[in-house]
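Visitor: Hello! I am new here; could you walk me through what we are looking at?

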Amino acid sequence: WGMFGDGSGSLPFVHYTISMPATTDLEIKDYKSDTRISQLHGSLVVNTYKGTVRVAELDGHAEIETYKGEASIDFARLSDDSRMETYKGKIDVTLPSAEKFDLAMDLGRRADFDSDFGAEIHRKSGRTDHQTINGGGPRLRIESEKGEIRLRKR
């Protein structure tokens, strides 16, 4: 690797910009990256360790999983069941204020949850809680052991 950097064995930082049709499905497995995605109308699957994920105007299915990372997902609409999971990270989900969905949560006692939709944590022995928001619709599943989860209205 002598042609890269100072010969210390470190690889250079890399910045990718990927353009693709908006209806294509996208899957990303990542380690400590800054990822920005916008105007996707397909399925999105992201698995990151300590990375930062910013998604804008998503109109599709999403599965976001992070260990200690941060994710911000702004849905144009929740058109299909989706899942957000973090062990110790932060996830902010923004939805239109009139969005109809079913919320399923599995939160550890050290997880922090806040919602503009009036959803509350009802800690039970099985840790799973289901709530209907604005009459119900696609399921939004949220899981965390020690992380911070925020549901925001747009």
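Guide: Gladly! One term to begin with: two residues are in contact when their heavy atoms lie within 4.5 Å. Please also keep in mind that this is a predicted model.

Visitor: Among contacts with a separation of 6 or more, what share comes from residues 24 or more positions apart?
Guide: Here we take the contacts in the protein with a separation of 6 or more and pick out those between residues 24 or more positions apart. That share is 39%.

Visitor: How many helices and how many strands does the protein have?
Guide: Reading along the sequence, you meet the pattern β-β-β-β-β-β-β-β-β-β-β-β-β. The secondary structure therefore comes to zero helices and 13 strands.

Visitor: What percentage of the residues counts as buried?
Guide: A residue is buried when its relative accessible area is under 20%. The protein has 154 residues, and the part of them that counts as buried is 38%.

Visitor: And how much of the accessible surface belongs to carbon and sulfur atoms?
Guide: The accessible surface of the protein comes to about 9000 Å². Of this, the carbon and sulfur portion is 45%.

Visitor: Which residues make the nonpolar surface patch of about 480 Å²?
Guide: One member is Met 20, in the segment before strand 1 (26-31). Met 20 counts as partly exposed because its relative accessibility is 32%. The full patch is made by Val 14, Tyr 16, Ile 18 and Met 20.

Visitor: Let us turn to charges. Which residue forms a salt bridge with Glu 63?
Guide: Side chains of opposite charge can pair when their charged atoms come close. For Glu 63, which is partly exposed with a relative accessible area of 28%, the closest N and O atoms of the pair are 3.7 Å apart. The pair joins strand 5 (residues 62-66) to strand 7 (residues 82-86), so it ties together parts that are 20 residues apart in sequence. The partner is Arg 83.

Visitor: Which residues are linked with Glu 63 in a network of salt bridges?
Guide: The structure holds 11 salt bridges. In the network that includes Glu 63, the other members are Glu 65, Arg 83 and Glu 85.

Visitor: Is Asp 106 buried or exposed?
Guide: Asp 106 forms a salt bridge with Arg 141, with the closest N and O atoms 4.0 Å apart. This pair links strand 9 to strand 12 (residues 139-144), distant parts of the chain. Arg 141 is partly exposed at 22%. Asp 106 has a relative accessible area of 16%, and because the cut-off is under 20%, Asp 106 is buried.

Visitor: How far apart are the closest N and O atoms in the salt bridge of Arg 150 with Asp 112?
Guide: Arg 150 lies in strand 13 (residues 148-153) and Asp 112 in strand 10 (residues 112-115), 38 residues apart. Arg 150 counts as buried at 16% relative accessibility, whereas Asp 112 counts as partly exposed at 36%. The closest N and O atoms in their salt bridge are separated by 2.6 Å.

Visitor: Glu 99 is buried yet has no salt bridge; which side chain of opposite charge is nearest?
Guide: Glu 99 sits in the loop between strand 8 (90-95) and strand 9 (101-107). Leaving aside neighbours within four places in sequence, Glu 99 is in contact with Arg 77, Leu 78, Ile 133 and Asn 134. A salt bridge needs a nitrogen to oxygen distance within 4 Å, and the nearest side chain of opposite charge is 6.7 Å away: Arg 77.

Visitor: Which residue has its backbone nitrogen 3.2 Å from a polar atom of the Glu 99 side chain?
Guide: We already met this residue among the contacts of Glu 99. The backbone nitrogen at 3.2 Å belongs to Leu 78.

How values were computed:
Residues are numbered from 1 along each chain as its sequence is written. This is a predicted model: local features need pLDDT of at least 70, side-chain atom pairs count only at pLDDT 80 or more; totals for chains, interfaces and linings use all residues. Side-chain values use heavy atoms; hydrogens and water are left out. Helices (H or I, at least four residues) and strands (E, at least two) are DSSP runs, numbered from the N terminus. Buried means under 20% relative accessible area, exposed over 50%, partly exposed in between (1.4 Å probe, protein chains only). Lys and Arg count as positive and Asp and Glu as negative; His and the chain ends are not counted. A polar contact is a pair of N or O atoms within 3.5 Å; within protein, one must be able to donate a hydrogen and the other to accept it, and residues adjacent in sequence count only if both atoms are side-chain atoms. Patches are made of residues with over 30% relative accessible area and no salt bridge: like charges are joined within 9 Å, nonpolar side chains (Val, Leu, Ile, Met, Phe, Trp, Tyr) within 5 Å. Accessible areas come from the Shrake-Rupley method with a 1.4 Å probe; for residues, only the protein chains shown count as cover.
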